[in-house]
Amino acid sequence: MKWIASAAFGMEGLTGRDLKRLGAQNINVLNVGGASFEGDLALGMQANLWLRTADHVHLLVAEFDARSFDELFEDVRAIPWADYISSEGAFPVRAHCVKSTLMSPSDCQSITKKAIAERLGASYGLKTLPETAETVQIDVNIRQDHVTVSLDASGEPLSKRGYRTWNGEAPLRETLAAALILTSSWHPWQPLYDPCCGTGTLLIEAAFIALGRAPGLRRAFAMEQWGFVDKQLLEQKRREAVSRYDECAVRKIDIAGSDIDPNAIELAKRHVRQAGLGSRIELNVADLRDITLSGEPGWIIANPPYGERIGDRRVAHAVARQLGEMSRRCPGWSVAAFSADMGFEREFGQRASRRRRFYNGKIECELHMFESVKPHISGGKK
Ligand SMILES: C[S@@+](CC[C@H](N)C(=O)[O-])C[C@H]1O[C@@H](n2cnc3c(N)ncnc32)[C@H](O)[C@@H]1O
């Protein structure tokens, strides 16, 4: 079976790396939009459970070129839809068109729907399809006249892990937070501190990585409702992920954070509880100007305010300066700071040793890494 794990710009390589770890075959990291791979239904479930940086997992059912509605209709009708959708199954269709002859998503959506209905009607000998049972969401993507038809195996975006139910000021998407942690050279046995932790996303994602916790452990996936899958097989993959977490949950972690805003810390505490991490992450209200970290050094990883609006830029620059001063008070600690501010390094007072570009929604940002020369192998108390 061929699958596509969609991922935002900059995260495709990390998604490919995670897929390799899961044992996926023929992984192809795409220039735009993620990575394709091959594997059975169990692997599709594992991808849903374990991919930290992907948005969706799709099962690819056909790909072809189409420049007219007739071609689209014929090629979609040629797919053996009864293999995927029961006689009572619902099959909503979403269409997306980029730089193609067929540029109307609503027309492509209705033509695809009609072609599937015709094929299913013929297979089941039905004139009308009730669409009252399980839902199989179908996606039609047309890019430069190349069409991919796929089933959405995830449902809600994979960034929705289930722990974040309250949003604070500009929280990071969970997939992006995981990508930032994975891009830094932080090792799970090292201390990690976020001095602008907001609602706690970076800290929770770091704890998931350190504790071997599948990010999708506590949520459902669309493919678990598909009629043609072996539900026990999928359940077994979920149980394996639970056992892995049970094995790793005893690991000692040193992950903590603070924020100047007491409301943000309240939200962070709720999210940590919702994530089932109880007292594993230490959280405090603090101004980063008052923080000095001592003990075994590790990584300071933060997403300080960007200053997107003109009036906020002064505040963003001040926080960048304060972060630079904090880093100089904490010798041996490395810093990874995620910011959209082009002047970030100037304010921080140091050139980054490494940089990586990501998008936060539509905002182009960089992860600026200031690595301390000495690598630290063992963990310790701050
Ligand atoms: C972009 S938000 C961080 C969002 C966070 N990563 C999340 O996912 O929720 C920036 C945070 O920096 C905090 N902040 C601003 N100035 C600060 C300071 N001097 N000390 C500590 N935190 C500060 C803000 O209260 C805000 O929560």
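User: What is the radius of gyration of the protein chain, and which value would a compact globule have?
Analyst: This is a predicted model. A compact globule with 382 residues would have a radius of gyration near 21 Å, and the value for the protein chain agrees with that. The chain's own radius of gyration is 23 Å.

User: What does the C-alpha trace of the protein chain span along its principal axes?
Analyst: The protein chain is built from 10 helices and 14 strands. Along the principal axes, its C-alpha trace spans about 75 × 45 × 35 Å.

User: Of the contacts between residues at least 6 apart in sequence, what percentage join residues at least 24 apart?
Analyst: Buried residues account for 45% of the 382 residues in the protein chain. Among contacts between residues at least 6 apart in sequence, the share that joins residues at least 24 apart is 75%.

User: Where around the axis of α9 do the buried residues lie?
Analyst: Helix α9 covers residues 313-329 and reaches 24 Å from its first C-alpha to its last, close to the 24 Å expected. Its buried residues are Ala316, Val319, Ala320, Leu323, Met326 and Ser327. These cover an arc of only 120° around the axis, so they lie on the same side of α9.

User: Which exposed residues are carried by the face of α9 turned away from its buried side?
Analyst: The buried residues of α9 pack against β11 (299-302), β12 (334-339), α10 (344-348) and β14 (363-370). The face turned away from that buried side carries the exposed residues Arg314, Arg328 and Arg329.

Key. Residues are numbered from 1 along each chain as its sequence is written. This is a predicted model: local features need pLDDT of at least 70, side-chain atom pairs count only at pLDDT 80 or more; totals for chains, interfaces and linings use all residues. Helices (H or I, at least four residues) and strands (E, at least two) are DSSP runs, numbered from the N terminus. The radius of gyration is taken over C-alpha atoms; the globule rule is 2.2 Å times the number of residues to the power 0.38. A residue is buried if 20 or more other C-beta atoms lie within 10 Å of its own, exposed if 12 or fewer, and partly exposed in between; C-beta atoms are placed from the backbone. Two residues are in contact if their C-beta atoms, placed from the backbone, lie within 7 Å. The expected span of a helix is 1.5 Å times one less than its number of residues. The arc is that of the directions from the helix axis to the C-beta atoms.
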